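Please study the sequence and the model shown here before attempting the exercises. Each exercise is followed by a worked solution.

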Amino acid sequence: MKLWIAQGFGVGRIPLAPGTFGSVLGMLWFGLLLMTGKLWLFAAGTLAGIAVSVWLCGAAEQRLRQTDPGSVVLDEIVAVPVCFLGWAIMVVCHDGTLPAWTYFGAPQTWPLTLGVFIACRVFDIAKPWPVRQSQSLPGGWGITVDDALAAVYVNVVVLLVAAGKSLLAR
């Protein structure tokens, strides 16, 4: 059961681009967290997901006797909400409420949502400093922390885009 969950409920066993398919599943996790309607619950669920990922990805690594097995995609799943955290906080600061899932799929925002998703994959694959170095952490920590750090890079890009749009709107 632990391995099946760590493999994204089987999604990680897809032979082509399992990390990308795991990130697609992460969009569903992101949507579920948005359904809470509260930023603190979104943040708590995101942190809980990361903690569970550290545990289950470490267990899967031991079970498969491989370091960071490609089929283990729970780390990608739990990193997706982190990628959108900065944007969600900006909406909360502007509107006073956590946006609904439909906000991210609306005609004016879906291209940005796609951009965040692509940036998530790019930073996970490119692994800029210190993302790559974090993979040397033991067990599930090394598997999960690199994706969380890649998500920090995504948030930096989101904040820069938002600042640029704000400057252009003046």
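The exercises below concern a predicted model and treat its nonpolar cores and one tyrosine.

**Exercise 1.** Determine which helices each supply at least two residues of the largest nonpolar core.

*Solution.* The starting point is the core itself, which has 25 residues. Those touching the most other members are F30, C83, F84, W87, V116 and V154. At least two residues of this core come from each of helix 2 (18–34), helix 4 (74–95), helix 6 (110–126) and helix 8 (139–169). Helix 4 provides the largest share, eight residues. Another core, of 13 residues, lies apart from this one and includes V11, L25, L56 and V78.

**Exercise 2.** Identify the residues in contact with V154, leaving aside its neighbours within four places in sequence.

*Solution.* With those neighbours set aside, the contacts of V154 are C83, V116, A119, C120 and F123. Two of these, C83 and V116, are listed with V154 among the core residues that touch the most other members.

**Exercise 3.** Decide whether Y103 is buried, partly exposed or exposed, and describe its surroundings.

*Solution.* First, Y103 is located in helix 5 (residues 101–105). Next, its relative accessibility is 26%. Buried requires under 20% and exposed requires over 50%; Y103 therefore counts as partly exposed. Beyond its neighbours within four places in sequence, Y103 is in contact with W87, V91 and T109. With W87, the side chain of Y103 also forms a polar contact of 3.3 Å. Finally, T113 is 10 residues away from Y103 along the chain, and their C-alpha atoms are 9.6 Å apart.

Terms used:
Residues numbered from 1 in each chain as written. Predicted model: local features only at pLDDT ≥ 70, side-chain atom pairs only at ≥ 80, totals over all residues. Heavy atoms only, no water. Core = buried A, V, L, I, M, F, W, Y, C linked by side-chain atoms within 4.5 Å. Buried < 20%, exposed > 50% of the residue type's maximum accessible area, 1.4 Å probe, protein only. Helix = DSSP H or I, 4+ residues; strand = E, 2+ residues; numbered from the N terminus. Contact = heavy atoms within 4.5 Å. Polar contact = N/O pair within 3.5 Å; in protein donor to acceptor, adjacent residues only side chain to side chain.
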